[in-house]
Amino acid sequence: MSQLIDKPDIIWIGTSTVTELISESGKTTPNETGGVLMGYWGSPKAEPVITHVIGPGPAAIHEPCRFVPDHDYQLNEIARVYELSQRTLCYLGDWHSHPGGTGNLSYRDLLTLRRIANSHTARVDYPLMLIVSGGSKWELNGWQYEIHRKWFWSFSGIRSMQITTYE
């Protein structure tokens, strides 16, 4: 299980990972796409460190206002990355795009975060959700669910926050 989070100041993500998110989002525009975030919980405040993104998978469904991942593909990729990392990286949450839209969470996004947080198989109490929004100029917005208090907070404008390249 993930550590208790005291409203982290930052989400750490490598610049090549940001490039990968934007590239993947552009492939299906004007339809949504998405995937999985993997990494670890850093210190000193249990800040999330995103090291890998997993794409939608070949059987994913992409529509203008929704995205349905290829669940089997994603489970296999999560297991592969987990094993390659010698079991040090874990599932942190999901990401998806809002082409032509905003980085705000939709009602469906809120339900997805709650479902992830309540899932014993996901093994993450405080899941992240990154939204890649825009189109001509992409923007990242990060959200995190805090299961025990049943409320959300925003890491608005991830790009304007400190982003560390660790590659």
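Biologist: Hi! Where is the place of arginine 123?

Modeller: In this predicted model, arginine 123 is in the loop between α3 and β7 (128-134). Helices are DSSP runs of H or I with at least four residues, strands are E runs of at least two, and numbering starts at the N terminus.

Biologist: Before I go on, how are the residues numbered, and what pLDDT do local features need?

Modeller: Numbering runs from 1 along each chain as its sequence is written, and side-chain values use heavy atoms, with hydrogens and water left out. Local features need pLDDT of at least 70 and side-chain atom pairs 80 or more, while totals for chains, interfaces and linings use all residues.

Biologist: Thanks. Back to arginine 123: is arginine 123 buried or exposed?

Modeller: Exposed, at 56% relative accessible area. The cut-offs are under 20% for buried and over 50% for exposed, with partly exposed in between (1.4 Å probe, protein chains only).

Biologist: And what is the phi of arginine 123?

Modeller: Arginine 123 has a positive phi of about 55°, although it is not a glycine. Arginine 87 is another residue to look at: its phi is near 65°, again positive in a residue other than glycine. You will find arginine 87 in the loop between α2 and β6, where it is exposed with a relative accessible area of 54%.

Biologist: While I'm there, what does threonine 88 touch, leaving aside neighbours within four places in sequence?

Modeller: Threonine 88 is in contact (heavy atoms within 4.5 Å) with Gly39, Tyr40 and Tyr82. From C-alpha to C-alpha, threonine 88 and glycine 39 are 8.1 Å apart, with their positions 49 residues apart in sequence.

Biologist: What does the side chain of threonine 88 reach at 2.7 Å?

Modeller: The backbone oxygen of serine 85. As for its setting, threonine 88 is in the loop between α2 and β6 and counts as exposed because its relative accessibility is 52%.

Biologist: Next stop, cysteine 90. Where is cysteine 90 placed?

Modeller: In strand β6. At 29% relative accessibility, cysteine 90 counts as partly exposed. Not counting residues up to four places away in sequence, cysteine 90 touches Leu37, Met38, Gly39, Tyr40 and Trp41.

Biologist: How far is the C-alpha of cysteine 90 from that of threonine 51?

Modeller: 9.8 Å, with 39 residues separating the pair along the chain.

Biologist: Let's zoom out. How many helices and strands are there?

Modeller: Three helices and nine strands. Their order from the N terminus is β-α-β-β-β-β-α-β-α-β-β-β. The chain has 167 residues, and buried ones make up 51% of them.

Biologist: Among contacts between residues at least 6 apart in sequence, what share joins residues at least 24 apart?

Modeller: That share is 65%. One pair that is far apart in sequence is isoleucine 11 and glycine 142: 131 residues apart along the chain, yet 7.8 Å apart in space, C-alpha to C-alpha. Isoleucine 11 lies in the segment before β1 (12-13) and is buried, with a relative accessible area of 1%.

Biologist: Why does serine 25 count as buried?

Modeller: Because its relative accessibility is 0%. Serine 25 is part of helix α1 (residues 15-28). Outside its neighbours within four places in sequence, serine 25 is in contact with Thr33, Trp95, Ser97, Val132 and Trp138.

Biologist: What lies 2.9 Å from a polar atom of the side chain of serine 25?

Modeller: The backbone oxygen of leucine 21.

Biologist: Which side chain has a polar contact of 2.7 Å with that of glutamate 47?

Modeller: Tryptophan 12. A polar contact is a pair of N or O atoms within 3.5 Å; within protein, one must be able to donate a hydrogen and the other to accept it, and residues adjacent in sequence count only if both atoms are side-chain atoms. Glutamate 47 is in the loop between β2 and β3 (48-54), and at 8% relative accessibility it counts as buried.

Biologist: Last one: which peptide bond is cis, with omega near 15°?

Modeller: The one from threonine 29 to proline 30. Proline 30 lies in the loop between α1 and β2.
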